[in-house]
Amino acid sequence: MDILGIGGVALDTIQVVDHLPIRDGFSTVLSTHRMLGGSGVNVLVQAQKLGAQTASISKVSNDDDSRRIIDCLVRDGIDVRGVISDTHGYPAPHCLIYVDGNGEKCLILDGGEGMPALNEEEARLELVDETSVLYLDLNPPELSLKAARQAKELGKKVVLNLQEDLQTVLAKGIDTTFIRRFLRYVDVFAPCQASIRPWSGSDDPQEQISFIRQFFAGTIVLTLADQGVAACDEDGRTVTLPAFDVAVKDTTGAGDAFIGAFMTQLLIGARPLRDSLLFSSACAAMTCQELGAQSSPDFTQASNFLSTHSLEVTHE
């Protein structure tokens with residue numbers, strides 16, 4: 001296989017509202033949609049749509065919703081040998097997503113009312129032997145670290161995606177010392193600004209990249225939300241590009257589409273960093289134009305988008 005992912009899987013309930021809820025306030029639901037989600041799986045779905053062969057190591061329950069999750073994974077072509085069903089009566093993981101008319105969102109994750117995280121005894125880490133790239137998002141952290149070590153011993157490429165704000169990361173019991181230790185086994189580190197800003201003490205993307213470079217020697221891909229992306233390869237070459245200007249319907253899953261596409265281009269397709277970033281940004285932009293985290297494009301759709309849209313790319 002090309003990419004093995006260890007990460008979250010869930011059923012998303014997307015509610016389009018007249019405006020995002022505020023404290024002690026009201027909003028009105030205009031429509032409701034249920035579909036497969038979970039950041040780790042969204043990434044694999046995008047990679048699969050672009051022609052990569054993917055597999056998931058994740059955990060669901062043993063109820064109807066969990067069976068629906070597995071059916072959706074199979075439908076999308078994702079190898080489910082590593083998807084574990086917990087038989088102790090927990091509900092399936094769910095994520096409630098509110099989206100307003102501008103595509104802005106807020107998310108409330110219900111991990112399954114106490115369902116334990118996937119552990120080393122359950123996880124089919126022998127699948128690491130079969131993959132070229134291991135994708136991780138620290139869900140769960142200790143299992144991810146073990147898998148990263150195993151992958152590096154086998155000569156695999158390891159990607160760490162950190163698309164949550166630092167406060168959310170720390171609330172999971174993960175501290176910055178753990179992240180630094182984890183990065184010893186990583187080839188591509190893809191944090192968002194919200195995870196790096198309080199850690200680095202800077203708002204400037206280049207200063208944030210310089211901060212990361214103090215303890216990480218691989219490729220850095222710093223996502224900047226609607227401002228685009230700044231990246232730096234292991235030789236110190238940097239590429240910065242803005243986001244595509246599109247009509248936004250829902251930003252859910254845009255970052256997942258970006259990193260899923262990026263892995264297929266840079267690590268599987270061996271394309272240059274600039275081209276990989278441009279193609280991945282197109283996939284993220286297209287995902288924003290429809291509802292749902294898995295409205296990401298296939299290769300032909302993304303290529304057609306790039307034929308009619310352009311960006312000013314900055315090299316340093």
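G228 is buried, with a relative accessible area of 12%. That's a handy place to start in this structure, which is a predicted model. From there, we'll look at a threonine in a strand, a pair of helices and a couple of cysteines.

**Around G228**
- G228 sits in a loop, the one that links β11 (219-223) to β12 (229-232).
- Leaving aside residues up to four places away in sequence, G228 touches T223, L241, P242 and A243.
- P297 is 69 residues from G228 along the chain, and the C-alpha atoms of the two are separated by 18 Å.

**Around T54**
- T54 belongs to strand β4, which covers residues 54-60.
- T54 is another buried residue, since its relative accessible area is 4% and the cut-off for buried is under 20%.
- The side chain of T54 makes a polar contact of 2.6 Å with the side chain of Q48.
- Q48 also turns up in the list of residues that T54 touches, alongside I3, L44, A47, G77, I78 and D79; residues up to four places away in sequence aren't counted there.

**Where α9 meets α10**
- Helix α9 takes in residues 273-287 and helix α10 takes in residues 299-308; their axes come within 9 Å and cross at roughly 100 degrees.
- Angles of 65 to 115 degrees count as roughly perpendicular, so that label fits α9 and α10.
- On the α9 side, the residues in contact are L278, F279, A282, C283, A285 and M286.
- On the α10 side, they are F299, Q301, A302, S303, F305 and L306.
- Sorted by class, this contact has 10 nonpolar residues, two polar ones and no charged ones.

**The cysteines**
- A disulfide is a covalent bond between the sulfur atoms of two cysteines.
- Searching the whole structure turns up zero disulfides.
- C106 is in no disulfide, and the nearest cysteine sulfur to it, in C95, is 9.6 Å away.
- C106 counts as partly exposed because its relative accessible area is 27%, which falls between the 20% and 50% cut-offs.
- For C288, the closest cysteine sulfur is the one in C283, at 11 Å, so the two are too far apart for a bond.
- C288 is buried, with a relative accessible area of 10%.
- C283 has appeared already: it is one of the α9 residues that meet α10.

Note on methods: Residues are numbered from 1 along each chain as its sequence is written. This is a predicted model: local features need pLDDT of at least 70, side-chain atom pairs count only at pLDDT 80 or more; totals for chains, interfaces and linings use all residues. Side-chain values use heavy atoms; hydrogens and water are left out. Axes are lines fitted to C-alpha atoms, for helices over the stretch in contact, and angles run from 0 to 180 degrees between N-to-C directions. Helices (H or I, at least four residues) and strands (E, at least two) are DSSP runs, numbered from the N terminus. Angles under 35 degrees count as roughly parallel, over 145 as roughly antiparallel, 65 to 115 as roughly perpendicular and the rest as oblique. Contact means heavy atoms within 4.5 Å. Ala, Val, Leu, Ile, Met, Phe, Trp, Tyr, Cys and Pro count as nonpolar, Asp, Glu, Lys and Arg as charged, and the others, Gly among them, as polar. A disulfide is a pair of cysteine sulfur atoms within 2.5 Å. Buried means under 20% relative accessible area, exposed over 50%, partly exposed in between (1.4 Å probe, protein chains only). A polar contact is a pair of N or O atoms within 3.5 Å; within protein, one must be able to donate a hydrogen and the other to accept it, and residues adjacent in sequence count only if both atoms are side-chain atoms.
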